[in-house]
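The following note is intended for a colleague who has not yet examined this structure. Its points are numbered so that each may be checked in turn.

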Amino acid sequence: MKIRPLHDRVVIRRNEEEATTAGGIVLPGAAAEKPNQGEVVAVGEGRVLNSGDVQPLTVKVGDTVIFGAYAGSNTIKVEGEELLIMTESEIYGVLED
């Protein structure tokens, strides 16, 4: 199954949670902080402006992005995988190599 977000929405696969702290303490799943980085899986066509024109998104599939702790509160499960859906404005930046 594929997913195609609408307008300026982006689908993101959150990076894996860290299971241990820097000091080596193993954290249970509930205590571990959710990472604020992920990989873009799908993007919409773009934001529709008041003039009717479509402004394309600046992120693309495969980008590693940084977002806020409470961004993407809309989660879905696709083929058993939990994904986030957020608008492009909720993304703070793109990590580049």
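**Notes on the predicted model**

1. A polar contact of 3.0 Å joins the side chains of Thr87 and Ser89. The model in which this contact is found is a predicted one. Thr87 belongs to strand β7, which covers residues 81-87. If neighbours within four places in sequence are set aside, Thr87 has contacts with Asp8 and Arg9.

2. The overall make-up of the chain may be stated next. The chain has eight strands and zero helices, and its elements run β-β-β-β-β-β-β-β from the N terminus on. Of the 97 residues in the chain, 29% are buried. Among the contacts with a separation of 6 or more, 61% are between residues 24 or more positions apart. The exposed area of the chain is about 6900 Å², and 50% of this is supplied by carbon and sulfur atoms.

3. Which residues form the largest nonpolar core? The core has eleven residues, namely Val10, Ile12, Val40, Leu57, Val59, Val65, Phe67, Ala71, Leu84, Met86 and Ile91. Two or more residues of this core come from each of β1 (9-14), β5 (64-67) and β7. Apart from this core lies another, of five residues, including Val11, Val78, Leu83 and Ile85. As general background, nonpolar side chains in soluble globular proteins tend to be buried together.

4. Val65, one of the residues of the largest nonpolar core, merits a separate point. With neighbours within four places in sequence left aside, Val65 is in contact with Ile12, Asn36, Gln37, Gly38, Val40, Val59, Ile91, Gly93 and Val94. Ile12, Val40, Val59 and Ile91 from this list are also members of the largest nonpolar core.

5. How many salt bridges does a search of the whole structure find? The search finds three. In one of them, the side chains of Glu39 and Arg13 meet at 3.4 Å, N to O. Glu39 is in strand β2 (residues 37-43) and Arg13 in strand β1, so this pair ties together parts that are 26 residues apart in sequence. Glu39 has a relative accessible area of 32% and is therefore partly exposed. Arg13, at 29%, is partly exposed.

6. Arg13 also takes part in a salt bridge with Glu81, where the side chains meet at 2.3 Å, N to O. Because Glu81 lies in strand β7 and Arg13 in strand β1, this pair ties together parts that are 68 residues apart in sequence. Glu81 counts as partly exposed, at 29% relative accessibility. Arg13, Glu39 and Glu81 are thus linked in a network of salt bridges. In general terms, side chains of opposite charge can pair when their charged atoms come close.

7. Another salt bridge joins the side chains of Asp63 and Lys60, at 3.2 Å, N to O. Are these two residues buried or exposed? Asp63 counts as buried because its relative accessibility is 11%, under the cut-off of 20%. Lys60 is exposed, because its relative accessible area is 53%, over the cut-off of 50%.

8. Thr75 is placed in strand β6. At 43% relative accessibility, Thr75 counts as partly exposed. Its contacts, apart from neighbours within four places in sequence, are with Glu82, Leu83 and Leu84. Leu84 belongs to the largest nonpolar core, while Leu83 belongs to the other core, of five residues. The C-alpha atoms of Thr75 and Ile12 are separated by 9.5 Å, although these residues are 63 residues apart along the chain.

9. Two backbone angles should be inspected. Phi of His7 is near 55°, which is a positive value in a residue other than glycine. His7 lies in the segment before β1 and is partly exposed at 44% relative accessibility. For Glu79, phi is near 55° and is likewise a positive value in a residue other than glycine. Glu79 occupies the loop between β6 (74-78) and β7, and this residue is exposed, with a relative accessible area of 63%.

Conventions: Residues are numbered from 1 along each chain as its sequence is written. This is a predicted model: local features need pLDDT of at least 70, side-chain atom pairs count only at pLDDT 80 or more; totals for chains, interfaces and linings use all residues. Side-chain values use heavy atoms; hydrogens and water are left out. Helices (H or I, at least four residues) and strands (E, at least two) are DSSP runs, numbered from the N terminus. A polar contact is a pair of N or O atoms within 3.5 Å; within protein, one must be able to donate a hydrogen and the other to accept it, and residues adjacent in sequence count only if both atoms are side-chain atoms. Contact means heavy atoms within 4.5 Å. A nonpolar core is a set of buried Ala, Val, Leu, Ile, Met, Phe, Trp, Tyr and Cys residues joined through side-chain atoms within 4.5 Å. Buried means under 20% relative accessible area, exposed over 50%, partly exposed in between (1.4 Å probe, protein chains only). Accessible areas come from the Shrake-Rupley method with a 1.4 Å probe; for residues, only the protein chains shown count as cover. A salt bridge is a side-chain nitrogen of Lys or Arg within 4 Å of a carboxyl oxygen of Asp or Glu.
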